[in-house]
Amino acid sequence: MKKLFITGNWKSNKTIEEADQWVAGFANLYKKKSIKQEIHIILCVPFTLLYFLKQKIQKLSLPISIGAQDISQFGDGAYTGAVSARQLRDIVDWVIVGHTERRRYFGETDEMLQHKVMQAHEHGINVIYCVNDETLPVPPKVSIISYEPNWAIGTGHSDNPVHANRIINVIKKKSGVDVAIYGGSVTPHNVKLFVDQPEISGVLPGGASLDPQKFFDLIIGASS
Ligand code: PGA
């Protein structure tokens, strides 16, 4: 079985109490059924939950790596509201950069995103870089590319897996990045269709990562 990355993206959801319940639910399911070694689980959560979840996951020995959903394009200093790579590096292994919602609602440009990738790379944080199509530039030093067509995010209408595979093939060739995943309305029911495609090395579920049972089913579905 090939190595697969299942990257949950909680977006702006969950309080500490709700995150605590999620971990308890996930741990319960994991006690009953193991997860294959080839599956790499990354959970990208709001800044407010990073430290709490990292500690919980360590305590319960869950096979989950923690990631942030954003990172400052600047270093430490007078940048009110921003969280720098140096602040994040002890807590996270991963960060999502360039998610379509960051581009759309926060006006993030390709140039800003390139600085974010540089900051993450300088501090040893792996980048999952999101693109909506094969025309968007991909900066150097990206670990994983996530192809997420705009119209598929949060709509319940996922891309056709064969089409996603074809676009991902083009993106990989153009960028030189050899690990790419698919995002956009991934569910426990359709995950296998995506990960079975030769160029696709995992998925990035948003909505389906919020419920521990659904997320666990999705992980098991990917490896079945
Ligand atoms: P969704 O989100 O799974 O809710 O469509 C995907 C994403 O965040 O890219």
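**Group meeting talk: strands, loops and a ligand site**

Let me begin with one contact: the side chain of Gln69 makes a polar contact with the side chain of Asn9, at 3.5 Å. Please keep in mind throughout that the structure before you is a predicted model.

Where is Gln69 placed? Gln69 lies in the loop between strand E3, residues 64-68, and helix H3, residues 85-88. Its side chain has a further partner, for the side chain of Gln69 also reaches the backbone oxygen of Cys44 at 3.1 Å. Is Gln69 buried or exposed? The relative accessibility of Gln69 is 18%. Since buried means under 20% relative accessible area, Gln69 counts as buried.

The contact with Asn9 leads us to strand E1. Asn9 belongs to the group of E1 residues, with Phe5 and Thr7, that point one way from the strand, while Leu4, Ile6 and Gly8 point the other way. For those new to this subject, a general remark may help. In a regular strand, side chains alternate between the two faces of the sheet. In E1, the residues on both sides are buried. That is 6 of the 6 residues of E1, so the strand is largely enclosed by the rest of the structure.

Which strand pairs with E1? Strand E2, residues 39-44, pairs with E1 in the parallel sense, over 6 bridges. One of the pairings can be named: the bridge partner of Leu4 in E2 is Ile39. Ile39 has a relative accessibility of 7% and therefore counts as buried. I also give a distance for this residue. Ile39 and Ala180 are 141 residues apart in sequence, and their C-alpha atoms are 14 Å apart in space.

I turn now to strand E5, residues 126-131. How many of its 6 residues are buried? The number is 5, so E5 is largely enclosed by the rest of the structure. E5 pairs with two strands that I shall take in turn. Strand E4, residues 94-97, is joined to E5 by 4 bridges, and the two run parallel. Within that pairing, Trp94 has Asn126 in E5 as its bridge partner. Strand E6, residues 144-147, is likewise joined to E5 by 4 bridges, and E5 and E6 run parallel. Here Cys130 stands opposite Ser146 in E6.

Between E5 and E6 there is a loop, and Lys141 has its place there. What is the phi angle of Lys141? Phi is positive, at about 75°, although Lys141 is not a glycine. Lys141 has a relative accessibility of 53%. The threshold for exposed is over 50%, so Lys141 counts as exposed. The C-alpha atoms of Lys141 and His121 are separated by 6.6 Å, and these residues are 20 apart along the chain.

After E6 we may look at another loop residue. Ser158 is placed in the loop between E6 and helix H6, residues 161-175. With 27% relative accessibility, Ser158 counts as partly exposed. Ser158 and Asn13 are 145 residues apart along the chain, and their C-alpha atoms are separated by 22 Å.

The last part of my talk concerns the ligand. The ligand sits in the second largest pocket. Which of the 13 residues around it come nearest? They are His99, Gly154, Ser185, Gly206 and Gly207. Two of these also appear when we consider polar atoms. A polar backbone atom of Ser185 is 2.8 Å from an oxygen atom of the ligand. For Gly206, a backbone N or O atom lies 2.8 Å from an oxygen atom of the ligand. Lys11, by contrast, approaches with its side chain: one of its polar side-chain atoms lies 2.9 Å from an oxygen atom of the ligand. How much of the ligand does the protein cover? On its own, the ligand has 280 Å² of accessible area, and the protein covers 94% of this.

Lys11 deserves a few more words. Lys11 has its place in the loop between strand E1, residues 4-9, and helix H1, residues 16-32. Its phi is positive, at about 55°, although Lys11 is not a glycine. At 22% relative accessibility, Lys11 counts as partly exposed.

To close, I return to two residues. The side chain of Asn9, in E1, is in polar contact with that of Gln69, and Lys11, in the loop between E1 and H1, has a polar side-chain atom 2.9 Å from a ligand oxygen. Thank you for your attention.

Methods
Residues numbered from 1 in each chain as written. Predicted model: local features only at pLDDT ≥ 70, side-chain atom pairs only at ≥ 80, totals over all residues. Heavy atoms only, no water. Buried < 20%, exposed > 50% of the residue type's maximum accessible area, 1.4 Å probe, protein only. Pairing = 2+ DSSP bridges. Near = heavy atom within 4 Å. Polar contact = N/O pair within 3.5 Å; in protein donor to acceptor, adjacent residues only side chain to side chain. Areas by Shrake-Rupley, 256 points an atom, 1.4 Å probe, with all protein chains shown as cover. 1 Å grid on protein atoms, 1.4 Å probe; cavity = no way out; pocket = protein on both sides within 12 Å on 5 of 7 lines; lining within 4 Å. Sits in = over half its atoms within 2 Å of the grid points.
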